[in-house]
Amino acid sequence: MIQIEFHGGAGTVTGSKHLLRVNNDEVLIDCGMFQGLKELRQKNWSPPIFDPAGLRWVLLTHAHLDHSGWLPRLVRHGFRGRILCTAATRDVAQIILMDSAKLQMEEAQYRNRRGITSHQPALPLYTQEDVLETMPFFQTVEYARWVELTPQISFQLVDVGHILGSGAIELRLQDERRTVRVLASGDVGRYDMPLHRDPQDAPECDALLLESTYGARAHLAQRPEEQLLAVARKVVERKGILLIPAFAVGRSQQVIFVLHQLFDSGRLPRIPVYLDSPMGINATKVYCSYAGPYRLDAEALRGGVCTLFGKGLKIVKTPAQSARLAGLKGPAVIISSNGMLTGGRVLHHLRNLLPNPRNLVAMVGYQAAGSRGRYLIDGAQSLRILRDEVPVRAEVADLKAFSGHADVNELLRWTRNIHPRQCFLVHGEPQAAEALALRLREERDWNVSIARLGERVEL
Ligand SMILES: [Zn+2]
């Protein structure tokens with residue numbers, strides 16, 4: 001018996017959790033947190049339908065919260081198995097999970113102080129102690145090395161260039177009758193992007209779990225450096241502030257890398273760049289520490305030294321230093337998280353910068369339904385931020401070229417050599433998944449279905 005069950009990342013881009021059953025063994029692929037709309041976030045509080053105590057392995061495609069953010073909860077529900085991923089994914093996951101715990105603890109404290117909670121008292125989903133209890137369950141593996149979990153279950157990781165350490169998971173599963181090759185894409189990165197490597201071609205499989213974040217969209221042909229240059233020039237002319245709400249892992253480092261390139265080539269006058277994200281600073285350190293083995297863009301390393309830091313990048317460590325940026329005179333760039341504007345230091349900057357038309361807010365990542373970031377790119381006239389209704393007079397730009405996700409054409413390119421018997425679309429909002437399903441059925445004649453939450457399928 002070989003089955004798959006979808007416990008998250010089905011009909012939504014968050015909460016990825018796919019459970020494989022092979023006879024009596026269970027393997028969970030990713031263990032993400034639900035984010036965005038309240039009805040989704042509430043799912044984080046429900047115990048899983050499967051038994052975490054009986055689960056022996058979690059295979060992690062990459063460290064982003066929507067793929068790793070529920071791990072401390074899984075441990076709290078009794079999981080005592082192994083969490084397998086690349087070393088870079090483990091290091092980045094620790095940073096992301098600690099930050100997530102901190103935000104939740106602060107949110108719970110805030111709600112209790114103000115009495116705005118229907119729960120008495122409001123609790124964090126997990127604490128930093130829970131994260132520290134989770135980390136010993138991690139065990140690292142290398143890319144492209146088969147790992148045998150049991151004689152019936154083995155897997156390897158295939159680099160997909162989404163963020164540092166990210167990989168698709170290729171599995172060989174065996175029951176009493178046959179062998180089934182399963183490929184779980186995780187988030188697929190893009191081709192010819194700054195800093196990250198190109199995705200390696202999808203290996204042949206019988207069943208494919210394919211992400212569909214941008215199943216309905218073809219990214220513009222424009223290069224990330226051109227899009228960033230265009231908005232940066234505007235703020236230089238206006239002497240404004242360019243605020244880049246960046247995903248702390250991946251996008252922040254790419255933005256820093258491209259800004260350095262634009263300054264070095266003389267295409268952009270050198271203006272101050274502030275990295276105001278404790279998580280972004282830590283993640284940049286991890287990027288630098290893996291610059292060798294994970295072969296980041298050769299230009300990120302000069303003489304064996306990582307160039308992401310330095311060259312005038314200003315590190316903003318403390319909340320007090322961050323608050324002082326309110327008096328910053330333009331032109332300047334502030335990179336601050338989080339990327340979807342759902343929390344973090346970026347909110348103070350938004351409240352401060354949005355009312356002034358001299359400033360420009362440049363979004364560089366996917367904005368989930370229900371996030372402030374989505375409202376902003378959809379043209380909101382004002383935003384509710386930290387209890388204030390803030391008018392949006394600053395220019396808002398959506399730098400789609402920085403997307404970390406393959407678009408529909410890149411997903412087709414990534415899968416060009418394979419012929420799965422079954423394809424399940426995961427990690428996409430319904431419209432995006434529908435559009436990709438249509439393309440795959442028409443152009444590939446594949447048997448495609450869109451995964452539904454709670455669904456169980458025989459492979
Ligand atoms: Zn991701």
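What should helix α8 (residues 278-289) span at 1.5 Å a residue, and how far apart are its end C-alpha atoms? The 12 residues of α8 should span 16 Å (1.5 Å times one less than the number of residues). The end C-alpha atoms are 17 Å apart, which agrees. Helices here are DSSP runs of H or I with at least four residues, strands are runs of E with at least two, and both are numbered from the N terminus. The buried residues of α8 (under 20% relative accessible area, 1.4 Å probe, protein chains only) include M279, I281, V286 and C288.

The model is predicted: local features need pLDDT of at least 70, side-chain atom pairs count only at pLDDT 80 or more, and totals for chains, interfaces and linings use all residues. Residues are numbered from 1 along each chain as its sequence is written, and side-chain values use heavy atoms, without hydrogens and water.

The protein chain comprises 13 helices and 24 strands. Its C-alpha trace spans about 70 × 55 × 45 Å along the principal axes. Of its 459 residues, 59% count as buried.

Two cis peptide bonds are described here. The bond from G330 to P331 has omega near 0°. P331 lies in the loop between α9 (319-324) and β17 (332-336). The bond from S337 to N338 has omega near 20°. N338 sits in the loop between β17 and α10 (346-353).

Positive phi values also occur at residues that are not glycine. A144 has a phi of about 55° and lies in the loop between β6 (138-140) and β7 (147-150). L195 has a phi of about 75° and is buried, with a relative accessible area of 0%.

Key: Buried means under 20% relative accessible area, exposed over 50%, partly exposed in between (1.4 Å probe, protein chains only).
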